[in-house]
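The following exercises concern the geometry of one structure. Each consists of a task and a solution worked in steps.

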Amino acid sequence: MINCRNLTKTYLTGGVETHALKNISFSIEKGEFVSIIGPSGSGKSTLMHILGALDVPTSGEYFLDNHEVSKLNDDELSDLRKNKIGFVFQSFNLLPRTTVLRNVMLPLLYSGLSESEREKRARECLKYAGMEEGKFKNLSNQLSGGQMQRVAIARALINDPSIILADEPTGNLDTKTSHLVMEALKELNKKGHTIILITHEMDVANYADRIIHIRDGMIEKDEIKK
Amino acid sequence: MLKDLFKETIWSLSANKVRSGLTILGIVIGIASVIALVAIGQGAKNSIEKNIEAIGSNLIMVSPGSQRIGGISQGGGSAESLTVEDANAIKNEIENIKAVAPTATKRSQITAKGNNTNTQVIGTTEDYLIVRNVSIDLGSFFNDQQLKSSAKVAVIGPTTRDDLFGTEADPIGQTIRINKMDFMVIGMTVAKGGSGFSNQDDVVYVPLTTAQHYLTGNEHINAINIAATDQNSMVVVQEQITTLLMARHKISDSADADFNIMNQNDIIATATSIASTFTILLSSIAGISLLVGGIGIMNMMLTTVTERTREIGLRKAVGIRKIYINLQFLAEAVVLTFLGGFLGIILGWIMSLIVTRFISTLTTSISLTSIILAFSVSAGVGIIFGFYPARRAANLSPIEALRYE
């Protein structure tokens, strides 16, 4: 499903080249729950941006469902993100002063679906992500951190994506809420969703079945837990 | 697609009511003040021009110059240099003249039936009717016979009638006392409008000879009013009058002339230039309001950039194409500026109507130019500052936009 070959990413800042990724190759199969772990500056965020089609590699190839992502233009990348990737961010990134339902329906804008179909899907995804039905019409800024992340997970699910990319999803949550959110992700994985988790905490990474350790832009260890 | 765009725009504006409201308010104030102020300026100009036209048409006025006593000017009109003979000479010797009316004027206290008023008493001839566009409403003007015999008859203006006899009263045949002498009212003029010092309805006309004998007590006159036959001959007529009067007064250098000569076009030009200055003043104030309004719009649009940049980043991350993001922000800016512009035009229009309603002498006139100008400036500012930062944000990569602080 995901196939990366010799990915490199080089940033040029102030005339100095920074090699964020150096020749990374790996693949992820459908239905896997993978953690990518590494300290800050290791290149894990850069890798996540490339996997999420938010950025393109300097060289190398990245195939997602047989599409070569590294060759797409801005609009094609947008379409790919819409159809194949669901994002869960550290800082939730919900629209402020906007209802839970509307936030979840955001990726369906300009999709041509009817309003009732959109709402039906959003309600399903919210229930799926473990959100109480009574809060569907609440404004996003009235929710707790854990609830916001559930809304974000529901939003990530709405287009039935091939992969869900979670970038430090527990970074802004306390231990107890973190556990609940991670359990929710694990639950999604059991239902067949492919999940890629980016983190720097071993506790969080341990929820996954496979852990890829990144250091200095290279894969240090790729371990599959049993 | 279009329906989604429209819904998203309306929703986004209504979800941020304070932000939208303040932006609209800035636009409304800017546009309304421009429209109202320009309408007031235009109205003032129109009413000044109307007042001047009411004086008469193709009018040339000769008034005595300043008297010099030992080289010290006593001020315009102080010299007693004009006589009835001057007026007759102008009438007889110069061509292209329709009518000549000499006047001897004095402000007097007038009483009738216990009421009294202080007004202008103008001694003149029948030609005054032609020269100054005066029409008779009731009764008649005095005739040649009454002029020759210095008859104690008077024709009054409608405002004077109101003051002395009350509105709607018939003044004909009544007696008024001017300077302790009884005059019989034989006519009343048609109202001309105007106000303040130039009120041509608050006046009493008496035969010139009567005024000279009983009121001013001398043979001099205050002014000679001349109506030329048409606009084109005015310059020539004015020159000929100057030459004639200088010859009659035995003056060789025009700088020493003991009279002033003025034509109506000069007065109109002067007054119009005053009114234009006034309009420029008001327009400048309006322009400043528009500028302040524009800065307000700009501020509102720019202060929301941080929040909106992250929103744009999110929209891009979830896969909405750049073009739709641009279109939405453009639509938001257009809706805000048009809504604000529309409300601003209505408010400016209402303000102009209120001014007209409460200041009776000023009929404001709303100009299309000011509406278009105000509207396009605010729409331009609103759209540029609403759309441009959004467009820039939409061109950022989603990661950069999401991280924007």
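**Exercise 1: A cavity between elements of two chains**

Residues A:L95, A:R102, A:M105, A:L106, A:L109, A:E115, A:R118, B:D4, B:K7, B:E8 and B:W11 line the second largest cavity of this predicted model.

*Task.* Determine which elements give two or more residues to the lining of the second largest cavity, and state how the lining divides by class.

*Solution.*
1. In chain A, the elements with two or more lining residues are α3 (100-105) and α4 (115-128); in chain B, the element is α1.
2. The most is given by α1(B), with four residues.
3. Sorted by class, the lining holds five nonpolar and six charged residues, and no polar ones.
4. The space in the second largest cavity amounts to about 150 Å³.

**Exercise 2: The largest cavity**

*Task.* Find how many cavities of 30 Å³ or more the structure holds, then describe the lining of the largest cavity.

*Solution.*
1. The count of cavities of 30 Å³ or more is four.
2. The largest cavity contains about 220 Å³ of space.
3. Its lining comprises 22 residues, and those closest to the centre are B:M301, B:T304, B:R308, B:F329 and B:G386.
4. Two or more residues each come from α1 (2-15), α2 (17-53), α9 (264-303), α10 (305-317), α11 (322-358) and α12 (368-395) of chain B.
5. Among the contributors, α12(B) has the largest share, five residues.
6. The class division is twelve nonpolar, seven polar and three charged residues.

**Exercise 3: Positive phi outside glycine**

*Task.* For A:D65 and B:N179, give the phi value, locate each residue in its loop, and decide whether each is buried, partly exposed or exposed.

*Solution.*
1. A:D65 is not a glycine, yet its phi is positive, about 50°.
2. The loop that holds A:D65 runs between β4 (59-64) and β5 (67-68) of chain A.
3. Buried requires under 20% relative accessible area and exposed requires over 50%; A:D65 is partly exposed because its relative accessibility is 23%.
4. B:N179, also not a glycine, has a positive phi of about 55°.
5. Its place is the loop between β8 (175-178) and β9 (181-189) of chain B.
6. With a relative accessible area of 38%, B:N179 is therefore partly exposed.

**Exercise 4: Aromatic rings and charges**

*Task.* State how many aromatic pairs are found over all chains, classify the pair A:F87 and A:F89, and identify the charged residues that lie over the rings of B:Y214 and B:F358.

*Solution.*
1. Searching the whole structure yields six aromatic pairs.
2. The rings of A:F87 and A:F89 lie 5.5 Å apart, centre to centre, with 10° between their planes. Planes under 30 degrees apart count as stacked, and this pair is stacked.
3. Both A:F87 and A:F89 are buried.
4. In chain B, ring pairs join B:Y128, B:F141, B:F142 and B:Y205 in a cluster.
5. Over the face of B:Y214 lies B:K152, at 4.9 Å from the ring centre.
6. Over the face of B:F358 lies B:R357, at 5.6 Å from the ring centre.

**Exercise 5: Domains of chain B**

*Task.* Give the domain bounds in chain B and the separation of the domain centres.

*Solution.*
1. Domain 1 is made of two segments, 2-51 and 270-403, whereas domain 2 covers 82-257.
2. Taken over C-alpha atoms, the centres of domain 1 and domain 2 of chain B are 55 Å apart.

Methods: Residues are numbered from 1 along each chain as its sequence is written. Chains are lettered from A and ligands numbered from 1 in the order in which they are written. This is a predicted model: local features need pLDDT of at least 70, side-chain atom pairs count only at pLDDT 80 or more; totals for chains, interfaces and linings use all residues. Side-chain values use heavy atoms; hydrogens and water are left out. Buried means under 20% relative accessible area, exposed over 50%, partly exposed in between (1.4 Å probe, protein chains only). Domain bounds come from an automatic or database domain assignment. On a 1 Å grid over the protein atoms alone, a cavity is a set of points where a 1.4 Å probe fits but cannot get out, and a pocket is an open set with protein on both sides within 12 Å along at least five of seven lines; lining residues have an atom within 4 Å of a point. Grid points are joined across faces, edges and corners, and a volume is the space filled by probe spheres set on the points. Ala, Val, Leu, Ile, Met, Phe, Trp, Tyr, Cys and Pro count as nonpolar, Asp, Glu, Lys and Arg as charged, and the others, Gly among them, as polar. Rings of Phe, Tyr and Trp (its six-membered ring) pair if their centres lie within 6.5 Å; planes under 30 degrees apart count as stacked, over 60 as edge-to-face and the rest as tilted. A charge sits over a ring if NZ of Lys or CZ of Arg is within 6 Å of the ring centre and within 35 degrees of the ring normal.
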